[in-house]
Amino acid sequence: MKAAGASCETEAGASAPAFCLRANRGGGTASNDQMNVPKVLGLLLVAAQLSLIAQGQESRSTPIFKFETNEFWLNLHHFLYVLGRAENHARDAARAAVASAPDDATAGLVGLTEKERNSWADAVAAYAKGPSQKDLVFDEPLAALTGALAAAKDAKTPPSSEVRTALEQAAPIYRKVWWPKHEATNQAWLSSMRTLVDRHGQAVLRLITHAYGMEWPASGYPVHLSAYTNWAGAYSTSGNLLVVATKAGAGTKDLDGLEIVFHEAMHQWDDQMIQILREDARKIGKLLPPDLSHALIFFTAGDAVHRVAPEHVPYADAYGIWSRGLKRFQVPLQQVWKPYLDGHGTRDEALAALAALVAAESKQ
Ligand SMILES: [Zn+2]
């Protein structure tokens, strides 16, 4: 782990699709008492207030997510990034979310001139020697670069960076050969996801914001779509930047995808949740395990989607996430967090009980 406050599901030895994320440095506002009703009010007023709250939840006029499907530079960057990792024989290049990229590239090269093929190979080589040696989530300046490329959308030129030359060199070839297919992949993924968000999104949003006592961005949470991202199929990084891969094999389809977009977006609250848990552990003279907040997100997002769509098996259960470094949290979460999600007690009581169960003895 290379970044303080970061959490990342381990890639080592894993064969199932997965996703990986990082605590952001900004965040929403904690409001654990937002559902409290003053006791002095009469029952009718209480009922009226609760009704208004319910109406407000049902009538959210802005979208929950703001999906971006046509970010040319972001898509080209990720394609070159995963091809560079394949060229470097990085172990994660065999993961399902990215394994098809070299074949995708080879198929497109068939119709190109030798000059174009050489230009493309040069761009991939530049990535192999540069960004593809780094981790998109934890290694600077890749997070900042991802943000700048997303902001550039489909501009004529990419923003200034160490890979600007490579991107400009590859751009006309990518635009001619792969971009129409990759953009169509993004659109198809979005069409499918919109149906699920329309059907279940408001209910999942209510469950997770109520469980965490946090506020969702009023204008919706941005989700940037890219045919490829990294081995994980989706990631979050600083600045609340969430990128989701749309290629088959990325593990982001259907209800898994719905859980993933909510899961990744919940990382916007990492700083606040980690602070609360760390303080709970400190009060009893113990240390907070670094991955607890991540386990909490896996549990809460999976539980929320399962509640609104009972056929959904939570991602962590379906893909063996617990056995990849989070096993110690599974039973404590069932013991104290699940009853809270079922309506018993308060968030802070549940978090304190959770910290008490899993916090480690201080060595000092
Ligand atoms: Zn996560």
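In this predicted model, confidence within the protein chain is lowest in helix α1, residues 43–58, where the mean pLDDT is 39, and highest in helix α2, residues 72–87, where it reaches 98. Averaged over the protein chain, the pLDDT is 84, and 82% of the residues score at least 70. Two stretches fall below a pLDDT of 50: residues 1–18, which have 43 contacts in the model beyond near neighbours in sequence, and residues 20–57, which have 64 contacts counted in that way. Where pLDDT is low, the predicted coordinates should not be read in detail, and the paragraphs below turn to other parts of the chain.

A good place to begin is the sheet. Four strands form an open sheet with mixed pairing, and their order across the sheet is β1-β2-β4-β3. At its edges stand β1, made of residues 65–68, and β3, made of residues 234–237, each of which pairs on one side only. Neighbouring strands of the sheet are turned against each other by 25° on average, direction ignored. Strands of a sheet pair through backbone hydrogen bonds, either parallel or antiparallel. Here strand β2, residues 221–226, and strand β4, residues 241–245, pair in the parallel sense over three bridges, and S226 stands opposite A245 in β4.

Helices lie against this sheet. Helix α8, residues 254–266, packs on the sheet and touches β1, β2, β3 and β4, with a direction that makes about 160° with that of β4. Helix α5, residues 142–152, lies across β2, β3 and β4 and runs at about 80° to β4. Two backbone details can be found in the loops that precede and follow α5. In the loop between α4 and α5 is P141, and the peptide bond leading from E140 to P141 is cis, with omega near 5°. In the loop between α5 and α6 lies K153, a residue that has a positive phi of about 50° although it is not a glycine.

Helix α8 also has a helical partner. Two packed helices are described by the angle between their axes and the distance between the axes. For α8 and helix α10, residues 292–308, the angle is about 135° and the axes are 9 Å apart, which makes α8 oblique to α10; the crossing of the two is right-handed. On the α8 side the contact is made by L255, L258, E259, F262, H263 and M266, and on the α10 side by I297, F298, A301, G302, A304 and V305. Sorted by class, the residues of this contact of α8 with α10 are nine nonpolar, two polar and one charged.

Another packed pair is formed by helix α4, residues 114–129, and helix α6, residues 164–177, which meet at an angle of about 140° with their axes 9 Å apart. That angle makes α4 oblique to α6, and α4 passes α6 in a left-handed crossing. From α4 come E116, S119, W120, D122, A123, A126 and Y127, which meet A166, Q169, A170 and I173 in α6. By class, the contact of α4 with α6 has seven nonpolar, two polar and two charged residues.

Key
Residues are numbered from 1 along each chain as its sequence is written. This is a predicted model: local features need pLDDT of at least 70, side-chain atom pairs count only at pLDDT 80 or more; totals for chains, interfaces and linings use all residues. Two strands pair if DSSP finds at least two bridges between them. Axes are lines fitted to C-alpha atoms, for helices over the stretch in contact, and angles run from 0 to 180 degrees between N-to-C directions. Two residues are in contact if their C-beta atoms, placed from the backbone, lie within 7 Å. pLDDT is the predictor's confidence in each residue, from 0 to 100. Angles under 35 degrees count as roughly parallel, over 145 as roughly antiparallel, 65 to 115 as roughly perpendicular and the rest as oblique. A crossing is left-handed if the near helix is turned anticlockwise from the far one by less than a right angle, and right-handed if clockwise. Ala, Val, Leu, Ile, Met, Phe, Trp, Tyr, Cys and Pro count as nonpolar, Asp, Glu, Lys and Arg as charged, and the others, Gly among them, as polar.
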